[in-house]
Amino acid sequence: MTLEQLNKVLLIGALVLLASIVATRLATRVGLPSLLLFLGLGVLVGEDGIGLRFDDVALVRDLGTAALAIILIEGGLTTKFSDVRKSLAPAAVMATLGVAVSTAVTAAGAHLLLGMDWQLALLLGAIVSSTDAAAVFSVLRVLPLPRRLAGLLEAESGLNDAPAVILVLMFSVVPLAFDPGHGLVDLVYELAVGAAIGVLCGYLGAVTLRRIALPASGLYPLATFGLGTVAFAACGVTHASGFLAAYLTGLVLANSGLPHRAATRSFAEGLGWLAQIGLFVLLGLLVTPSQLGDDLLPAVVIGLVLLLLARPLSVVLSLIGFRVPWREQVFLSWAGLRGAVPIVLATYPIVTGVPDSQRLLNVVFVLVVVFTLVQGPSLKPVAHRLGLIRRDVTREIQVEAAPLDVLDAELLTLTVLPQSRLHNVTVLELRLPDPSVITLIIRKGNTFVPQPDTRLEAGDELLIVSTSTTREATERRLRAVSRRGKLAYWFDEYGEPD
């Protein structure tokens, strides 16, 4: 690639990224997963649009798998354990038994109604059996659903990718030679080891990050994503479920009281959005809409089997012992959104050489587009109709963490060293320039808001809010008092940098 070609690629990529970001606003207004618009942008740039030709299925599979790992890490990092704790057991059953039931029913429908051979039918059933984490997160987080119901959907979407991937890989062997007993053992092994690696990486990472002080707060989000990637890759080496490990690592880290949690969450959301945009644009590039006409009817048929039979049956059988109200079960059945995961999984059999598997990619693409258009905007009316949310309910408030840029302010941190003259100086005697203020003191693991007569002690960590215009003066005052005490100015000490 020449430098000129590289510049063109960067220009197109940047324009698509900015257009995708703007599109999220429209998607939120109409209740669609914004990722569907990203998919449309990919199609627009592709062969039937601007004319960019792209057909590297293996590259899409590899990049798509990496993007899904990032999305699942982000899903774990932005999930509160208190919201999903009571839902983990039913979510785990829906992610395993539910996926198996959905796969079997959908495969039977594809074989009987469309005449697909059993290998393609089983592959299609496995590919569309799991709900999509990105689609579920993007839609449900703007709906004021009961916490238990929203937590169950989020946990299920984070956990059920792993069983679906395992089934797709099992059915992608050429020629197909599936041993149910051996397959069940492999499934249990991959899920158990993947869960163990995910929890272990999250726990060890949390313990380590709490005990070390990194030189910059921006390193903490990188470390958390690095741990999630380690868990994902380690599962690849041990032939375990990397998707499950990635999600659990993020979930454990996010709920372990790590420092700079707000920055980590914001970074995770940004990186998750970037992965989603890149993934869907790439998938849109891969598909040629002019070749999808013959697959429209099969996609609609399979989508109806999935929506009206396979998904409801999997929900009912999975939740038999959990006393979930029938209204919530109906909503769970309708809210089984599909998105990036099925399209990425549809590339697996193509790469392994399963005969006629290119047809699966087209069918899955059409199914995702059509039924996302049907299900996405209807989730809120369906929830109202079922009485799950009141029409006058307001969305739970969301407090944006440290919007200091709005105030043109900055957050400073300072540790009082043993030899510092700040020791035993009161907050009032410190006389920071207005409007700088010490908002919090961390002392021996305890945090408190200081009063004017609070005396600083060696080892204290101070959190100071200052404006951009007074930051330099604040730093000079802190250095001055640290060097000569509260009477520093009497000794002509004004805290100039060394």
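1. Helices here are DSSP runs of H or I with at least four residues, numbered from the N terminus. Under that reading, Gly158 belongs to helix 8, which covers residues 147–159. Please keep in mind that this is a predicted model. Gly158 is buried, because its relative accessible area is 2%, under the 20% cut-off. From Gly158 to Leu52 the C-alpha distance is 33 Å, with their positions 106 residues apart in sequence.

2. Now the overall picture. The protein has 498 residues, and 47% of them count as buried. There are 20 helices and four strands. Taken along the principal axes, the C-alpha atoms fill a box of roughly 90 × 60 × 50 Å.

3. The domain assignment gives domain 1 (34–386) and domain 2 (405–491). How far apart do the C-alpha centres of domain 1 and domain 2 lie? The distance is 48 Å. Both domains nonetheless meet in one feature: each contributes at least three residues to the lining of the second largest pocket.

4. That pocket deserves a careful look. The second largest pocket holds about 1,200 Å³ of space. Its lining counts 33 residues, and those nearest the centre are Pro259, His260, Thr413, Glu461 and Leu463. By class, the lining has 21 nonpolar residues, along with six polar and six charged ones.

5. Which elements each supply at least two residues of the lining of the second largest pocket? Among the helices, they are helix 10 (180–211), helix 13 (261–286) and helix 20 (471–484). Among the strands, they are strand 1 (409–415), strand 2 (437–443) and strand 4 (461–467).

6. On enclosed space, the structure holds three cavities of 30 Å³ or more. The largest cavity contains about 90 Å³. It is lined by 13 residues, with Leu306, Gly336, Arg338, Phe371 and Gln375 closest to its centre. Helix 14 (296–318) and helix 18 (358–385) each give at least two residues to this lining. The largest share, five residues, comes from helix 18. In the lining of the largest cavity, six residues are nonpolar, five are polar and two are charged.

7. Next, the cysteines. A search of the whole structure finds zero disulfides. Why is there no bond from Cys201 to its closest cysteine sulfur? The sulfur of Cys201 is 7.6 Å from the sulfur of Cys235, so the pair is too far apart for a bond; a disulfide needs the two sulfur atoms within 2.5 Å. Looking from the other side, the closest cysteine sulfur to Cys235 is that of Cys201, again at 7.6 Å. Cys201 counts as buried because its relative accessibility is 15%, and Cys235 counts as buried at 0%.

8. Helix 12 (242–254) and the loops on either side of it are worth a visit. Gly242 is found in helix 12 and counts as buried at 11% relative accessibility. Gly242 and Val370 are 128 residues apart in sequence, and their C-alpha atoms are 30 Å apart in space. In the loop between helix 12 and helix 13 sits Ser256, whose side chain reaches the backbone oxygen of Val252 at 2.4 Å. Ser256 is also buried, since its relative accessibility is 18%.

9. Some backbone details merit a second look. Most residues other than glycine have a negative phi, and most peptide bonds are trans. His239, in the loop between helix 11 (219–238) and helix 12, has a positive phi, near 60 degrees. Is His239 buried or exposed? With 59% relative accessibility, His239 counts as exposed.

10. Arg323 also has a positive phi, near 55 degrees. Its place is in the loop between helix 14 and helix 15 (326–334). Arg323 is exposed, with a relative accessible area of 80%.

11. Finally, the peptide bond that joins Asp434 and Pro435 is cis, with omega about 10 degrees. Pro435 lies in the loop between helix 19 (427–430) and strand 2. Strand 2 is also one of the elements that supply at least two lining residues to the second largest pocket.

Notes
Residues numbered from 1 in each chain as written. Predicted model: local features only at pLDDT ≥ 70, side-chain atom pairs only at ≥ 80, totals over all residues. Heavy atoms only, no water. 1 Å grid on protein atoms, 1.4 Å probe; cavity = no way out; pocket = protein on both sides within 12 Å on 5 of 7 lines; lining within 4 Å. Points joined across faces, edges and corners; volume = space filled by probe spheres on them. Nonpolar A, V, L, I, M, F, W, Y, C, P; charged D, E, K, R; others polar. Domains from an automatic or database assignment. Buried < 20%, exposed > 50% of the residue type's maximum accessible area, 1.4 Å probe, protein only. Polar contact = N/O pair within 3.5 Å; in protein donor to acceptor, adjacent residues only side chain to side chain.
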